[in-house]
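Here is a short set of exercises to work through with the structure open beside you. Try each task before reading its solution.

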Amino acid sequence: MIQEPFATGHSWIHRIDPRYRIVFSGIISLTIAISNQFPALVTGLFFSMVLVGLARLNIKAVIKRLTVVFGFLLLIWATLPLTFEGEALYHLGPITITRQGVMLSAQMTIKSIAILLIFMALITSMTIVTLGHALHRLRLPDKLVYLLLMTYRYIFVIEAEYQCLQKAIKIRCFKPGTNIHSYKTCAYLIGMLFFRASIRAERVHQAMLCRGFKGKFYTLNHFPSGGQNILFGLLMTTIVLGLLILEYS
């Protein structure tokens, strides 16, 4: 199953209605994405760190997930300051580092880290199932929501089928290489995987119909209500307005 280390907890963020978290994570992320002034960007980064603290996320796990973005950011810092036209900031032989390139790289770095931290604090602090039901309550099309939930459930079943097929060809001493036999074997493997997935999908569909499935998933879990959701909404609205004031003032 997909690892959800941040989904369980007893922090204030975990007690907020998932619908509020989804909506405001999108709004704040969009606000940071369209911002270009450093006061607004740094403030957005600061508040994203505050949200991580309020969610009580494991700092080591957060940093581990940030390393996925660091490789992309290093590539940006290695190319943009050298290729972006503008005022020369530093000369290193024939290489010129431009001020505009450095500023653009810094903006992209702050935006990427801030937005990722916001989604860690507000979105990954809920399970995939909760996310699906919250999207459904937000009037997202039913087909998209059910596609998300069914994909989450059965992608691991398909992975198990793939592992079985892979073990079968290994038992038969198959060693992949750059030859026709290897290409044919891989093609047979992929074809058999799709065939088994199709058969499994048909069986699952028949089983759901036998259980009275009529195109809707029902849940007995109700999202939390109360003044904490209003407080969270006011706090997030204040943050968004503050970022916009810093950006356009």
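**Exercise 1. Locate Arg 139 and describe its backbone and its exposure.**

Solution. Keep in mind throughout that this is a predicted model. Start with the place: Arg 139 sits in the loop that links helix H5 (128-137) to helix H6 (142-171). Next, check the backbone: phi of Arg 139 is near 70 degrees, a positive value in a residue that is not glycine. Last, take the surface: the relative accessible area of Arg 139 is 75%. The cut-off for exposed is over 50%, so Arg 139 is exposed.

**Exercise 2. Do the same for Cys 173: where is it, what is its phi, and is it buried or exposed?**

Solution. Cys 173 belongs to the loop between H6 and helix H7 (180-210). Its phi is positive, about 65 degrees, although Cys 173 is not a glycine. With 65% relative accessibility, Cys 173 counts as exposed.

**Exercise 3. Work out how many disulfides the structure has, and why Cys 186 forms none.**

Solution. Recall first that a disulfide is a covalent bond between the sulfur atoms of two cysteines. The test is that the two sulfur atoms lie within 2.5 Å. Now look at Cys 186: the closest cysteine sulfur is in Cys 173, and it is 16 Å away, too far for a bond. Searching the whole structure gives zero disulfides. To complete the picture, compare accessibility: Cys 186 is partly exposed at 37%, while Cys 210 is exposed at 70%.

**Exercise 4. Place Ser 105 in its helix and list what it touches.**

Solution. Ser 105 is part of helix H4, which covers residues 99-122. Its relative accessibility is 0%, so Ser 105 counts as buried. Leaving out residues up to four places away in sequence, Ser 105 touches Ile 76, Trp 77, Leu 80 and Pro 81.

**Exercise 5. Describe Tyr 218 and find how far its C-alpha atom is from that of Tyr 248.**

Solution. Tyr 218 lies in the loop between H7 and helix H8 (227-248). At a relative accessible area of 72%, Tyr 218 is exposed. Tyr 248 is 30 residues from Tyr 218 along the chain, and their C-alpha atoms are separated by 45 Å.

**Exercise 6. Summarise the fold and overall dimensions of the protein chain.**

Solution. Begin with the secondary structure: there are eight helices and two strands, arranged along the sequence as α-α-α-β-β-α-α-α-α-α. Then compare the radius of gyration with the globule rule: the protein chain has 24 Å, whereas a compact globule of 249 residues would have a value near 18 Å. The C-alpha trace spans about 60 × 60 × 30 Å along its principal axes. Finally, turn to contacts: among those between residues at least 6 apart in sequence, 76% join residues at least 24 apart.

**Exercise 7. Characterise the surface and the charges of the protein chain.**

Solution. Of the 249 residues, 33% are buried. The chain exposes about 16000 Å², and carbon and sulfur atoms supply 68% of that area. For the charges, count 24 positive and 9 negative side chains. The centres of these two sets lie 12 Å apart.

How values were computed. Residues are numbered from 1 along each chain as its sequence is written. This is a predicted model: local features need pLDDT of at least 70, side-chain atom pairs count only at pLDDT 80 or more; totals for chains, interfaces and linings use all residues. Side-chain values use heavy atoms; hydrogens and water are left out. Buried means under 20% relative accessible area, exposed over 50%, partly exposed in between (1.4 Å probe, protein chains only). Helices (H or I, at least four residues) and strands (E, at least two) are DSSP runs, numbered from the N terminus. The radius of gyration is taken over C-alpha atoms; the globule rule is 2.2 Å times the number of residues to the power 0.38. Contact means heavy atoms within 4.5 Å. Accessible areas come from the Shrake-Rupley method with a 1.4 Å probe; for residues, only the protein chains shown count as cover. Lys and Arg count as positive and Asp and Glu as negative; His and the chain ends are not counted. The place of a charge is taken as NZ of Lys, CZ of Arg, CG of Asp or CD of Glu.
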